[in-house]
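Work through the two exercises below with the structure in view, and try each task before you read its solution.

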Amino acid sequence: MIEVKLHDVGEGMTEGEIAHYLVQVGDHVTTDQPVVEVATDKMVAELPAPVSGIVKEIIIPVGQTVQVGTTLLHIEASNASDMPVTVAPEASRVPESVPVAVPPVQASPTKRVLATPYTRKIARDHGIDIEAVTASDPSGRVSEDDVLRFVQAATAPQETAVPILEEVTYQEASPETIPFRGIRKQIAKKMTQSLYTIPHVTHFEEVDMTRLLALRAEWKAAGRNININAFFIKALIVALKEYPVFHAKLDEANECIRLEQDFHFGMATETPDGLMVPVIRHADQLSLTELHEQLVALQQRAQNGALRAADLKPSTFTMSNVGPLGSTGATPIINYPETALIAFHKTKKRACVDENDQIVVRSMMNLSMSFDHRVADGATAVAFTNRFVSLIEHPTTLLLELI
């Protein structure tokens, strides 16, 4: 009795599910005839009969998962070598009218070719005896490519044989390296600390900048040029005073949220040495003109690599204006251990529908605000940004808040 076992079909499998039996008990099968389909995590494979014979027993039911090496069914071989041989009586005692029984010719053992079920299927589909295919693998296993080469050689004219191209070798270039130390390394440490400590949530909003830009243009024409970030800081201070949870630090050791009273604004700035966050201290006590002067001075020192230690003291809230670089959106990482960071993106003109259902051209800007979800919730973040947006979209209201 021959055992048909689940074997590795060439995908590095360790187990398989019995998907479907292609034969029933009592069926006669021939060598290499598919008898069962097995499903793995990568494919459905057919397992062939190792010998010709009769299916005597199916052991594993359909739907069951078994390990490689498990016996699935039994086949009773029908080769001549397994059949009894009839022995003839002595010739002198056999009547002339009774023919002498001639022993059947013993068939030569069938050559068992190593090949996966899929490779055997390709051979059957092309009407090829897989035993005639030469294996390229030293182990003697016939591969799919071996069968396809055999098909091509049998069908293609000799004079159109594909020439073998000489393999071209290329010298691999060594990668260039950039030193990962100093400021770049410290930035990486702080970003990692923030991202793996704070559960970030980012809220997006858009702002109509049309009225504020018109006000700036009017002041500039009168000789009073004010940096746009000065208006942002003033509007943020008003909103933070109304929603102080975003102007805070979480003190887990003492189980409390510390609401900051001094407004020290960090200005995320790209410098030749990497991202730096110079700070405008006591920003709530400065006028728009004073804010403008400090912003310009910090920007110049940052670009010249001349930031002082006092410029880099801890901040209480950080903002980033990446609009001049062309950004339309981002998910900024919070400046640990602060609670929130707001980023302003590119302002561009778009067609909008106003309150009178008229299509008008407005200067629109996107903003993104990341916040610590341990400290604040999404609804509060929306309320905070709504307050900021209302002040920017109606700058006269902002100026009234500063009186």
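The exercises that follow deal with the pockets of this model and the residues that line them.

The model is predicted, so that local features need pLDDT of at least 70 and side-chain atom pairs count only at pLDDT 80 or more, while totals for chains, interfaces and linings use all residues. Residues are numbered from 1 along each chain as its sequence is written, and side-chain values use heavy atoms, with hydrogens and water left out.

**Exercise 1.** Describe the largest pocket and its lining.

*Solution.* Begin with the term: on a 1 Å grid over the protein atoms alone, a pocket is an open set of points where a 1.4 Å probe fits, with protein on both sides within 12 Å along at least five of seven lines, and lining residues have an atom within 4 Å of a point. The largest pocket holds about 1200 Å³ of space, a volume being the space filled by probe spheres set on points joined across faces, edges and corners. Next, its lining has 48 residues, and M267, A268, T269, L275 and M276 lie nearest the centre. Finally, α3 gives the most to this lining, with 6 residues, where helices (H or I, at least four residues) and strands (E, at least two) are DSSP runs numbered from the N terminus.

**Exercise 2.** Describe the second largest pocket in the same steps.

*Solution.* Its volume is about 230 Å³. The residues lining the second largest pocket include D208, R211, E393 and H394. Among the elements, β19 and β20 (359-372) each give two or more residues to this lining, and β20 gives the most, with 3 residues.
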